[in-house]
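Subject: Structure handover

Hello,

I am passing on the structure we spoke about. Please look through it first; my notes follow below.

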Amino acid sequence: MGEPFDISYVFEYLVKLLPTLKVTLLIVVSSIVIGLGVGFIVALPQLYKIPILRRFSQVYLSFFRGTPILIQLFLFYYGLPEILKLVHVDVAKVPALYFVILTYALHSGAYMAEMIRAAVGAVDRGQVEAAYSVGMTGFQAFTRIVLPQAMAISVPVFANLVIANLKDTSLAFSLGIMELTGKSQTLAVMSRHFVETYISLAIIYFVISFGLEKLFHLIEHKLLKHERRIASEDKEPRLKKEKTRRLAIGPGFGRGGRENEA
């Protein structure tokens with residue numbers, strides 16, 4: 001059993017946990033940036049239906065989306081060095097942090113690939129054909145027409161992936177990484193104030209997740225601003241047309257042209 005609850009330890013541990021926040025954020029940012037690149041590469045065979053590469057990408061997606069990330073961490077940390085020894089590459093002295101970032105990047109890349117595929121597929125194909133009809137190249141049509149709309153569509157999914165990645169970093173301590181959860185484990189064992197430690201840890205995760213949620217909400221609002229403006233511009237002519245039609249019919253006449261009776 002632990003020591004009696006003392007609220008003062010919650011504030012004390014908040015201060016002690018904050019220095020390890022940089023390690024957690026390093027894992028999150030690095031894995032998301034690399035994962036975006038991996039996801040884009042994996043999504044291409046799915047979008048363009050490249051036969052052999054499409055099959056490889058499906059296997060990749062099935063593995064990283066169908067197995068727990070904790071198992072993936074152990075496989076890469078303990079299994080990858082053994083495989084590389086077969087080709088006379090020694091990575092025994094590589095810090096565990098690099099294996100963690102690699103694992104999280106590949107794990108995130110699988111979800112990023114599905115996000116990219118779905119977002120690009122959601123853009124109306126007729127807009128791309130219209131871009132071709134005015135002389136745009138495939139690259140121009142993608143960067144000017146498809147990409148801006150796909151980014152706006154994918155923001156909510158991307159926000160969920162980033163926040164989920166942040167929370168999943170709590171498993172990195174299983175490989176000895178001294179991030180937020182790893183530091184909290186050390187503090188809890190040393191002081192025997194387990195509840196206070198985990199309350200402090202939960203507060204930090206909640207504050208960061210809440211901040212990221214608000215940030216992505218602002219980004220989504222900014223990216224979709226043009227669509228709301230177009231929708232309002234399309235709505236105004238319809239309202240004017242409806243008002244003109246009602247004035248032409250005149251008050252007191254209902255459907256069918258007969259005068260309404262009181």
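Accessible areas here come from the Shrake-Rupley method with a 1.4 Å probe. By that method the chain exposes about 16600 Å², with carbon and sulfur atoms supplying 67% of this area. Please keep in mind that this is a predicted model.

Overall make-up

The chain contains 10 helices and zero strands, so read from the N terminus its elements are simply α-α-α-α-α-α-α-α-α-α. It has 262 residues, of which 34% count as buried. If one takes the contacts between residues at least 6 apart in sequence, 75% of them join residues at least 24 apart.

Helix α7

This helix covers residues 138-168, which is 31 residues. A straight helix would reach 45 Å at 1.5 Å a residue, but the end C-alpha atoms of α7 are only 38 Å apart. There is also a kink of about 50° in α7, located at Val-155, shortly before the proline Pro-156.

Nonpolar patch

Where on the surface is the nonpolar patch of about 880 Å²? Phe-5, Ile-7, Phe-11, Val-195, Ile-199, Ile-203, Phe-206, Val-207 and Phe-210 make it up. Two helices, α1 (7-17) and α9 (194-223), supply at least two residues each. The biggest contribution is that of α9, with six residues.

Phe-210, one of the patch residues, sits in helix α9. Its relative accessibility is 42%, so Phe-210 counts as partly exposed: the cut-offs are under 20% for buried and over 50% for exposed.

Regards

Terms used
Residues numbered from 1 in each chain as written. Predicted model: local features only at pLDDT ≥ 70, side-chain atom pairs only at ≥ 80, totals over all residues. Heavy atoms only, no water. Patch = residues over 30% accessible without salt bridge, like charges linked within 9 Å, V, L, I, M, F, W, Y side chains within 5 Å. Salt bridge = Lys/Arg side-chain N within 4 Å of Asp/Glu carboxyl O. Helix = DSSP H or I, 4+ residues; strand = E, 2+ residues; numbered from the N terminus. Buried < 20%, exposed > 50% of the residue type's maximum accessible area, 1.4 Å probe, protein only. Expected span 1.5 Å × (residues − 1). Bend = angle between axes of the 7 residues up to and from the residue. Contact = heavy atoms within 4.5 Å.
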